[in-house]
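Reader: Could you take me through one part of this model closely, and then place that part within the rest of the chain? I would like a connected account rather than a list.

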Amino acid sequence: MNKLIFNLLVILCFATTTQAQDFPYGKFETEEIHQKNYNNDTSAHAFVINEFGSTRIDVMNDDHIKMAYKYHVKIKILDSKAFDKGTISIPFYFSSETQDEVTDIKGITTYTDDNGSINTMELDKSKIFTVTENKYWKQVKFAMPNIRNGCIIEYSYTKIIPGFYRFPSWDFQDDIPKVKSQYEVHIPAFWVFNAMIRGPLKLTNSKAELERECFSSGGSKCDCSFLTYGMLNIPAFIKEEHMTATKNFLSAVYFNLEEYTNPYTGVKNRVTKEWKDIDYNLKHSDYFGSQIKKDLLKPYIAPIIAGKATVMDKALAIYQYIQKTVKWNDINSRGSDGVRKTLDNHTGDAGDINIALIAALNSAGIKTDAVLLSTRSNGVVNRLYPVENEFNYVVAKTNIDGEDYMLDATDPLLAFGMLPFKCYNDQGRVMSLDKPSYWIDLASKQRRVNTSSLNLTLQANGKLKGTINTFSSGYEGYEKRKDIKKFNSVDEYVENLDEKLGKIKILKSTITNLDSLDKPLGESYEVEIDLYDNLNHSRMAFNPVIIDKLTNNPFKLQERSYPVDLGMPSSSRYILTMNLPEDYVIESSPQNVAISLPNQGGKFLTDVSSDGSRVIYSNVVQFNKSVYATEEYPYLKELYSKIIASEKAEIVFKKK
């Protein structure tokens, strides 16, 4: 998946003299304006004509060492489906300790007006806004002016990044194709970086040059490595359902700092560490190890576990106490500003809440470790080079009566032993205070399980009347509870459901186990369905799949170059019992279907039976794996096609 093309260890120094090979700003060719499609991909709604970026480390005006990242792009908008490319967001880090700075923003749109004349319009600087995403990130946002079919948008900016640890990566691929993409870096000899190329595409341009005495600071001088990475005719990366972070699969170049020499003191510092170094730092850090020491939260949890006889009873009480006491502020994190402060303030990051959970369980004598992980949207951690910053989340791991449990208390609807879906991403690193860290698979023990049972009777007025019962357990139950809790009351949820069901009218409803998270959520509805105007027909057709019919195949690509990641196995069962009036009989019904995926990966089964007065239809859809390899993709795609086709089939009945 992540192919290492080469490791480039270079001694880095800040370049100040070499001019980057950027393309001219605001220039265009007439054929670019009149181009109607992209020859290499006629389905594209836009394409990048040229894209250039550069990063150099330098001493800025404030005498601090920083990185200057420059970005410049020119995009051809072919039709309205790509107008969103004209809305730009530039994320930058902003905290009390350090802040990035986005400067030198400029943009221009070149377009043909209604008279066929070519015009340009520049970006109005007053329409550039900065918005706060959370306490760590902000975004600069702006919209390019006068977007229309056939226009060319071009913009550039500079981002100043303090220090040298967050060296910008470069994505050659995007969701639209590119004619050319080039990235240049100037790395002074005081720094050693590891450069990695990920993804399936190969560089068409790669070179390394030496810049003499390109950096000078504090009386120290050094040469620089001037590195160029380029690609031509880059295909678009097409995202599809059931995948982890796009960056896991894009062709891109990344940089990890290995070591550096302080230009002022000459002292060499090793940055890339072994896992034992990461362990030591975390165990002795104020934001991690110091927070999960034994008995730290004993005064808080002593009354919570009073009278609890078993370890499980104590663990459940503590887990539910943290869930109900602290509200998550929607920020992912792997550390904590203080677990006591978290409980006192009743709010916190994911790290605050789950480290408080770990500390509380340990304070109760329940041995609990932390598990560092990277969420699905954050990408897969590079296990070859230990870098703590690649983790963005932490959960708890404990063992009770010989069984391991992974815990996350950020969501009051998560049952004990269930993690948020975003956490099921490859592997996590178990961090213990008393033994070396190790990797653990994050494959879910949970399943999505749903059963629907319908018992309906065809009335003389042409309506169906009866009951619909559904049971949702595992992650399916969690998601259904989440849907219900969005409403002010259960009645509001049922009213909304009644509106969405169309011809199905809910007469009465009962929902059970809404707050019993470890039990299946039950929904029972008495319904009436407008099926026919009347029964004065000698022959009628009926589709037995009344609810949750699959109508759209999520898999549409000819080939998929990345795995299908469902996160967890799933199974659903649908059973319909339809009682007919005495003067009607079944004329024909769909044939039974039995389709299986290779290697017991899953199946789709249907069964139709009749005893004359009633017909019973059932189907089962089952996926037994969390992740399916690329070579299994055609079978999944075909399975979904067969399900859709089968669920279109009708039962035909007629008068005797």
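Author: A residue is called buried here when its relative accessible area is under 20%, and exposed when that area is over 50%. With that cut-off in hand, and bearing in mind that this is a predicted model, we can begin with helix H2.

Helix H2 spans residues 275-283, and its buried residues are Trp275, Ile278, Asp279 and Leu282. These four lie on the same side of H2, because they cover an arc of only 100° around the axis. Lys276 and Tyr280, on the other side of H2, are exposed. The cover over the buried residues of H2 includes three strands, namely S19 (368-373), S22 (427-431) and S23 (438-441).

Beyond H2 the chain enters the loop that leads to helix H3 (298-305), and Ser285 has its place in that loop. Ser285 has a relative accessible area of 8% and is therefore buried. Its side chain reaches the backbone nitrogen of Phe288, at 3.2 Å.

Phe288 leads on to the nonpolar interior, for it is one of the residues that touch the most other members of the largest nonpolar core, a set of 58 residues; the others so placed are Ile318, Ile322, Leu357, Val395, Leu407 and Phe416. Helix H6 (residues 350-363) gives the most to this core, contributing 9 residues. Ile322 is in contact with Leu343, Ile353, Ala356, Leu357 and Ala409, when its neighbours within four places in sequence are left aside. Another core, of 52 residues, lies apart from this one and includes Ile88, Ile90, Cys151 and Val271.

From here we can turn to some of the strands that come earlier in the sequence. Ser181 lies in strand S11, which covers residues 178-188, and since its relative accessibility is 0%, Ser181 counts as buried. The side chain of this serine makes two polar contacts with other side chains, one with Glu51 at 2.7 Å and one with Trp170 at 3.0 Å. Leaving out residues up to four places away in sequence, Ser181 touches Glu51 and Trp170 and also Asp171, Phe172, Tyr229, Gly230, Met231 and Ile234.

Strand S14 (residues 220-234) runs antiparallel to strand S13 (residues 205-217), and 10 bridges join the two. Ser216 stands opposite Lys221 of S14. S13 and S14 form a hairpin with 2 residues between them, and Gly218, in the turn, has a positive phi of about 60°. Ala195, for its part, belongs to strand S12 (residues 191-198), and it is buried, with a relative accessible area of 2%. Although Ala195 and Val253 are 58 residues apart in sequence, their C-alpha atoms are 6.8 Å apart in space.

Further along the chain, 8 strands form an open sheet with mixed pairing, in the order S26-S27-S25-S24-S30-S34-S33-S32. Strands S26 (504-512) and S32 (594-596) stand at the edges of this sheet, and because each has a single partner strand, one side of each is left without a neighbour in the sheet. From one strand to the next the twist averages 10°. Edge strand S26 is joined by 8 bridges to S27 (residues 521-530), the two running antiparallel, and within this pair Ser509 stands opposite Tyr525 of S27. Helix H7 (residues 475-485) packs on the sheet, where it touches S24 (448-458), S25 (463-474), S26 and S27, and its direction makes about 115° with that of S25. Helix H8 (residues 490-500) lies across S26 and S27, and runs at about 150° to S26.

Finally, there is the setting of these parts in the whole. The protein chain has 9 helices and 36 strands, and its C-alpha atoms fill a box of roughly 100 × 80 × 50 Å along the principal axes. Of the 656 residues in the chain, 50% are buried. Among contacts between residues at least 6 apart in sequence, 72% join residues at least 24 apart.

Conventions
Residues are numbered from 1 along each chain as its sequence is written. This is a predicted model: local features need pLDDT of at least 70, side-chain atom pairs count only at pLDDT 80 or more; totals for chains, interfaces and linings use all residues. Side-chain values use heavy atoms; hydrogens and water are left out. Buried means under 20% relative accessible area, exposed over 50%, partly exposed in between (1.4 Å probe, protein chains only). The arc is that of the directions from the helix axis to the C-beta atoms. Contact means heavy atoms within 4.5 Å. Two strands pair if DSSP finds at least two bridges between them. A polar contact is a pair of N or O atoms within 3.5 Å; within protein, one must be able to donate a hydrogen and the other to accept it, and residues adjacent in sequence count only if both atoms are side-chain atoms. Axes are lines fitted to C-alpha atoms, for helices over the stretch in contact, and angles run from 0 to 180 degrees between N-to-C directions. A nonpolar core is a set of buried Ala, Val, Leu, Ile, Met, Phe, Trp, Tyr and Cys residues joined through side-chain atoms within 4.5 Å.
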